Amino acid sequence: MMNTAPDPYPIGTPGTPWGDEERAEWLSQQSRQRSYESEVLSVIERLKSDFDVEEYGCLDYGSDRYPLMAIRSRDWHDDLPVVLITGGVHGYETSGVHGALQFVEQHAADYAERVNLLVAPCVSPWAYERIHRWNANAVDPNRSFHENSPAGESAALMRLVEPIRDRALLHMDLHETTDTDETEFRPALAARDGKPFEPGDIPDG
Ligand SMILES: [Zn+2]
């Protein structure tokens with residue numbers, strides 16, 4: 001019978017969590033594959049004619065600097081409920097980033113005077129550019145929404161939403177499952193944490 005155990009992930013020692021050396025090796029293998037500026041910031045720029053746009057934080061990864069942008073209803077009324085939409089918490093989940101932007105462009109006007117919209121379309125731009133799940137420190141922003149967050153992406157978003165937490169009627173956080181979850185991201189997670197990889201487990205967004 002064939003041995004169907006997957007090959008070990010190419011970085012690190014199976015069963016041993018990564019240290020700084022393994023994280024640096026992982027980082028050295030990531031490359032920029034698309035442009036946050038031309039695919040995301042340019043669309044947000046266009047939306048400024050009809051929406052309020054704000055920079056709610058900024059990420060510095062070496063020489064790469066990423067402004068974190070949010071879009072708000074221009075006719076914001078404090079007595080209306082807030083609908084929060086976030087995309088790109090996992091940068092490689094492209095549909096959420098562009099889905100959030102398209103929703104603002106094509107449908108946000110339908111909700112004017114009914115709710116306040118707050119949209120953060122690309123929470124993790126470094127990962128958007130590298131089509132990855134983690135940030136540059138090999139940290140998953142979606143597991144980092146807590147105090148003293150190790151992810152700047154998550155800390156900035158928590159600061160943005162703090163004032164509306166009591167008035168948010170709905171939060172849509174846009175994710176998707178990709179084929180690469182099984183071939184790259186789940187094996188990488190198991191390797192990073194020194195755990196065995198079990199193919200076919202249900203992906204977790
Ligand atoms: Zn996700």
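**A five-stranded sheet with its helices and pockets**

Strands β1 and β2 (residues 64-73) pair in the antiparallel sense, and ten bridges join them. This pairing, like everything described here, belongs to a predicted model. Two of its bridges can be picked out by residue. D52 has R72 in β2 as its bridge partner, and V53 is matched with I71 in β2. The two strands form a hairpin with two residues between them, and in this hairpin G62 takes a positive phi near 60°. In a regular strand, side chains alternate between the two faces of the sheet.

The hairpin is part of a wider sheet. Five strands make up this open sheet, in the order β1-β2-β4-β3-β5, and their pairing is mixed. At the edges stand β1 (51-61) and β5, each of which pairs on one side only. From one strand to the next, the twist averages 15°.

Helices lie across this sheet. Helix α2, residues 36-47, lies across β1 and β2, and it runs at about 30° to β2. Helix α3, residues 94-107, lies across β1, β2, β3, β4 (116-120) and β5, with an angle of about 140° to β3.

The whole chain can now be considered. The chain contains six helices and five strands, and along the sequence these follow the pattern α-α-β-β-β-α-β-α-α-β-α. The radius of gyration is 19 Å, close to the 17 Å that the globule rule gives for 205 residues, so the chain is as compact as a globular protein of that length. The C-alpha trace spans about 65 × 40 × 30 Å along the principal axes of the chain.

What remains is the open space in the model. How much space lies in the largest pocket? The largest pocket holds about 320 Å³. Its lining is made of 20 residues, and those closest to the pocket centre are D7, P8, Y9, P187 and F197. By residue type, the lining of the largest pocket divides into twelve nonpolar, six polar and two charged residues.

The second largest pocket contains about 270 Å³ of space. Which of its lining residues lie nearest its centre? Of the 14 residues that line the second largest pocket, these are L84, F145, M158, V161 and H171. Strand β3 (82-87), helix α5 (152-161) and strand β5 (168-174) are the elements that give two or more residues to this lining. Strand β5 therefore appears twice in this account, since β5 is also an edge strand of the sheet, pairing on one side only. The lining of the second largest pocket consists of eight nonpolar, three polar and three charged residues.

Methods:
Residues are numbered from 1 along each chain as its sequence is written. This is a predicted model: local features need pLDDT of at least 70, side-chain atom pairs count only at pLDDT 80 or more; totals for chains, interfaces and linings use all residues. Side-chain values use heavy atoms; hydrogens and water are left out. On a 1 Å grid over the protein atoms alone, a cavity is a set of points where a 1.4 Å probe fits but cannot get out, and a pocket is an open set with protein on both sides within 12 Å along at least five of seven lines; lining residues have an atom within 4 Å of a point. Grid points are joined across faces, edges and corners, and a volume is the space filled by probe spheres set on the points. Ala, Val, Leu, Ile, Met, Phe, Trp, Tyr, Cys and Pro count as nonpolar, Asp, Glu, Lys and Arg as charged, and the others, Gly among them, as polar. Helices (H or I, at least four residues) and strands (E, at least two) are DSSP runs, numbered from the N terminus. Axes are lines fitted to C-alpha atoms, for helices over the stretch in contact, and angles run from 0 to 180 degrees between N-to-C directions. Contact means heavy atoms within 4.5 Å. The radius of gyration is taken over C-alpha atoms; the globule rule is 2.2 Å times the number of residues to the power 0.38.
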